[in-house]
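Let's take a walk through this model together, stopping at a few places where the side chains tell a clear story. Please have the sequence and the coordinates at hand.

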Amino acid sequence: MILILVGYMASGKSTIGRILAEKLNYDFLDLDDYIEEQEQTSIKTIFQTKGEIYFRKAETKYLRELLDSKSNLILSLGGGTPCYSNNMDLILKADNVKSVYLKASIPTLVNRLKGEKGKRPLVAHIETDEELTEFIGKHLFERSPFYSQANIVLPTDNKTTSEIIEELNLKLL
């Protein structure tokens with residue numbers, strides 16, 4: 001089975017994915033890391049040199065490639081991946097694939113992102129909590145219809161990583 005984690009940046013996809021993969025004895029892969037490995041350059045460099053359209057096409061190509069693999073895999077997607085090129089449809093129609101939306105509220109995301117802005121180019125330029133709240137709110141408004149199509153929607157606010165993994169395990173049974 002392939003378990004795909006979707007959600008906004010800082011929703012916990014990589015953290016939850018790694019721990020769950022270890023627990024289930026699955027492989028874990030972050031799609032952005034896979035793209036960087038295949039393209040032999042960083043996502044940031046791809047955007048700067050080849051542009052977003054090239055990146056989105058490559059993203060879909062590699063997502064298809066991974067969906068066709070029949071290994072036990074937990075795949076963490078970039079926050080925008082489900083929203084482009086019918087990627088969410090690809091995920092929902094793929095055999096032996098389950099998708100999970102790790103749903104965090106705007107205040108939770110603001111709290112997590114304000115300390116990580118240096119590592120997150122999309123929000124690095126944002127200076128105040130109010131601007132960050134507005135930015136995330138706008139993005140979530142656009143992206144939620146895609147995320148919400150996931151097979152499992154798992155609210156994560158006020159839950160520990162252990163609680164999220166336990167709840168996810170129960171929903172996967």
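A residue counts as buried here when its relative accessible area is under 20%, and as exposed when that value is over 50%, with partly exposed in between. Keep in mind as you read that this is a predicted model.

With that cut-off in hand, let's begin with tyrosine 62. Its relative accessibility is 5%, so tyrosine 62 counts as buried. Tyrosine 34 is buried too, with a relative accessible area of 13%.

These two residues bring us to the aromatic pairs, of which the model has three. In one of them, the ring centres of tyrosine 34 and tyrosine 62 lie 5.8 Å apart with the planes at 85°, so this pair is edge-to-face; planes must be over 60 degrees apart to earn that label. The pair links distant parts of the chain, as tyrosine 34 sits in helix 2 (residues 31-39) and tyrosine 62, 28 residues away, in helix 4 (residues 51-68).

Phenylalanine 47 and phenylalanine 55 make another aromatic pair, this one tilted, with 4.9 Å from centre to centre and 40° between the planes. What about the exposure of its two members? Phenylalanine 55 has 3% relative accessibility and counts as buried, whereas phenylalanine 47 is partly exposed at 32%.

Now turn to helix 1, where you will find serine 14. This serine 14 is partly exposed, with a relative accessible area of 21%. Beyond its neighbours within four places in sequence, serine 14 is in contact with Phe28, Asp30 and Ser76. With aspartate 30 there is a polar contact between the two side chains, at 3.2 Å. For a wider view, glycine 115 lies 101 residues from serine 14 along the chain, and their C-alpha atoms are separated by 17 Å.

Our last stop is helix 8 (residues 161-172), whose twelve residues reach 16 Å from first C-alpha to last, close to the 16 Å expected at 1.5 Å a residue. Which of its residues are buried? They are Ile164, Ile165, Leu168, Asn169 and Leu172. Looking down the axis of helix 8, you see these buried residues within an arc of 135°, so they line one face of the helix. The general geometry is familiar: an α-helix has 3.6 residues a turn, so residues three or four places apart point the same way. The buried residues of helix 8 pack against strand 1 (2-6), helix 1 (13-24), strand 4 (97-103) and strand 5 (152-155). On the face turned away from that buried side, helix 8 carries the exposed residues Ser162, Glu166 and Leu170.

How values were computed
Residues are numbered from 1 along each chain as its sequence is written. This is a predicted model: local features need pLDDT of at least 70, side-chain atom pairs count only at pLDDT 80 or more; totals for chains, interfaces and linings use all residues. Side-chain values use heavy atoms; hydrogens and water are left out. Helices (H or I, at least four residues) and strands (E, at least two) are DSSP runs, numbered from the N terminus. The expected span of a helix is 1.5 Å times one less than its number of residues. Buried means under 20% relative accessible area, exposed over 50%, partly exposed in between (1.4 Å probe, protein chains only). The arc is that of the directions from the helix axis to the C-beta atoms. Contact means heavy atoms within 4.5 Å. Rings of Phe, Tyr and Trp (its six-membered ring) pair if their centres lie within 6.5 Å; planes under 30 degrees apart count as stacked, over 60 as edge-to-face and the rest as tilted. A polar contact is a pair of N or O atoms within 3.5 Å; within protein, one must be able to donate a hydrogen and the other to accept it, and residues adjacent in sequence count only if both atoms are side-chain atoms.
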